[in-house]
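I pulled this one up to check a few residues and the ligand site. Here are my notes, in the order I looked things up.

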Amino acid sequence: MGVHEVVVVGSGISGLSFAWCAAGAGKKVLVLERRERIGGCVYSRRSDDGYWYELGAHTVYNSYSRLLDIAVAAGLADRLVRRGPARARFGLLKDGRVDWLTPPRVLLKLNWLEAALCGPVGIFRGKEGRTVEEYYSGLVGRGNFRRVLSPFFAAVPSQRADAFPVSGPGSLFKKRPRREEFPRSFGLPGGLGEICAAVAAHENIEVRTGVGAESLRPVGSGFILRTDGGEEIETRVPAIAATHREAARLLRDSFPELSASIAAVGEVAVESFGARVRRDRCWMPECAFVVPVDDVFYSVVTRDPFPDPHWRAFAFHFRDRVGREEKIARVCDLLRVSPGDLEEPAEERTLLPAPRIGHAGIVAEIDRRLEGLRLGLTGNYFQGLAIEDCIARSEAEWERLKARG
Ligand SMILES: Cc1cc2nc3c(=O)[nH]c(=O)nc-3n(C[C@H](O)[C@H](O)[C@H](O)COP(=O)(O)OP(=O)(O)OC[C@H]3O[C@@H](n4cnc5c(N)ncnc54)[C@H](O)[C@@H]3O)c2cc1C
């Protein structure tokens, strides 16, 4: 049986940032990742010729202070690149037509009479206990919300965000101070996956890919983690950074109440389809993304903010259970290309939390059940889906466990 002081399950940004904290405190950390690659939702697809695009998370800001701290400490400060002009152009797709917009022009899409009638009342209603739809419909009117804001908000968490809580745990937008010494939004020459790779390269961190955790049980003053290959690993401090559903499964036998609290988190599956296309084949003006008012996908994210002379790439984030043929047909229709133009197509299915009103209560209950346990629990189902929210949770969990000694 292997013995490791800290074992992390899952190598998404939550698991890696937890491992980073523990490794920084001098602990030897083992990270187990079920898939053959690290990063989870941070998925920079790379081709043999070095071209890359983001099939998962794509946009990070200088308000992601914790992410920046990690990037700088991992030696990546010189590799942070400002996103190019295409970042400020995006499309709103309705009835087969794309309206090309810039941030100020989005405001022109609003019906101002409707907004004027709603705003003065909505502004005083506050955010507490309200959904995104209730709050913003109160500000700009229900019609404006449905036609303009809702499609854009769906592009942020890659799902309809109308029923998300507008404030507190699980909310989309959080006020964070910007670090003006860094570009407002940025990437890296090989994609955001470079940050995950740099963390995994820490001398105190060992990552094993292709190894899933199967069960976790308390034994004496520690835990025994069993892998899907039947190996038993003994650890004093396990941290589960898998998806909420996997976390609930892993804890079901030994911590049934904790598991049940986690299982109460709402969820949605997103199916991403990406490909690169030769630049001269694609009609679409350079843009950051396109969002539809109503379609089988939530958003199309491009690599145009990091332009390449020969290639462009598009990651479509589809609703659950759209067949492969239908996806390809929709992609080709919008890009006006034939299936043969979609080079190195890639697909990824992701299970995401879908926070609803009451999410804060679920998180509070999970934390109450965790109290007193030397077991770390982190992920995108606590503070929010944003990468920065995941890191914030991991840091807080590491501090809690450190304080327990
Ligand atoms: C398409 C898309 C676009 C996004 N865009 C952005 C964006 O632009 N900006 C932003 O801030 N956020 C964005 N997000 C959200 C953000 O990327 C995610 O919420 C965050 O990366 C989740 O990290 P995580 O580590 O909590 O979970 P995950 O990334 O899901 O990682 C969990 C990991 O655990 C592994 N695992 C699961 N079960 C086991 C097991 N039993 N044993 C071992 N390993 C296991 C999984 O394989 C996975 O690698 C986006 C998300 C998606 C899906």
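**Entry 1: V140**

I started with V140, which I found in helix α5, residues 132–140. A reminder to myself before going on: this is a predicted model. Buried or exposed, I wondered about V140? Its relative accessible area comes out at 14%, and the cut-off for buried is under 20%, so V140 counts as buried.

Next I listed what V140 touches, skipping neighbours within four places in sequence. The contacts are L110, E114, A115, C118, F145 and L149. I also checked a C-alpha distance: V140 to W112 is 8.0 Å, with their positions 28 residues apart along the chain.

**Entry 2: I224**

I moved on to I224, which sits in strand β12, residues 222–227. I got 6% relative accessibility for I224, so I put this residue down as buried too. I then took the C-alpha distance from I224 to R89 and got 51 Å. Those two are 135 residues apart along the chain.

**Entry 3: R374**

I looked up R374 and found it in a loop, with α11 (359–370) on one side and β19 (376–377) on the other. Which side chain of opposite charge is nearest to R374? I found E5, at 8.2 Å. R374 is buried and has no salt bridge.

I then looked for a polar partner and noted the backbone oxygen of S221, 3.4 Å from a polar atom of the R374 side chain. S221 turns up again in the contact list for R374, which leaves aside neighbours within four places in sequence. The other entries there are F223, R236, V237, P238, L401, R404 and G405.

**Entry 4: the ligand**

How many residues surround the ligand? I got 35, and the closest are S14, E33, C41, E246 and L385.

I went through some polar distances next. A ligand nitrogen is 3.1 Å from a polar backbone atom of R34. For R35 the side chain is involved: one of its N or O atoms is 3.0 Å from a ligand oxygen. At H58 I was back to the backbone, with a polar atom 3.1 Å from an oxygen of the ligand.

Then I checked coverage. On its own the ligand has 1,000 Å² of accessible area, and the protein covers 97% of that. Which elements give two or more residues to the shell around the ligand? I noted α1 (13–24), β2 (29–33), β18 (343–353) and α12 (387–404).

Terms used
Residues numbered from 1 in each chain as written. Predicted model: local features only at pLDDT ≥ 70, side-chain atom pairs only at ≥ 80, totals over all residues. Heavy atoms only, no water. Helix = DSSP H or I, 4+ residues; strand = E, 2+ residues; numbered from the N terminus. Buried < 20%, exposed > 50% of the residue type's maximum accessible area, 1.4 Å probe, protein only. Lys, Arg positive; Asp, Glu negative; His and termini not counted. Salt bridge = Lys/Arg side-chain N within 4 Å of Asp/Glu carboxyl O. Polar contact = N/O pair within 3.5 Å; in protein donor to acceptor, adjacent residues only side chain to side chain. Contact = heavy atoms within 4.5 Å. Near = heavy atom within 4 Å. Areas by Shrake-Rupley, 256 points an atom, 1.4 Å probe, with all protein chains shown as cover.
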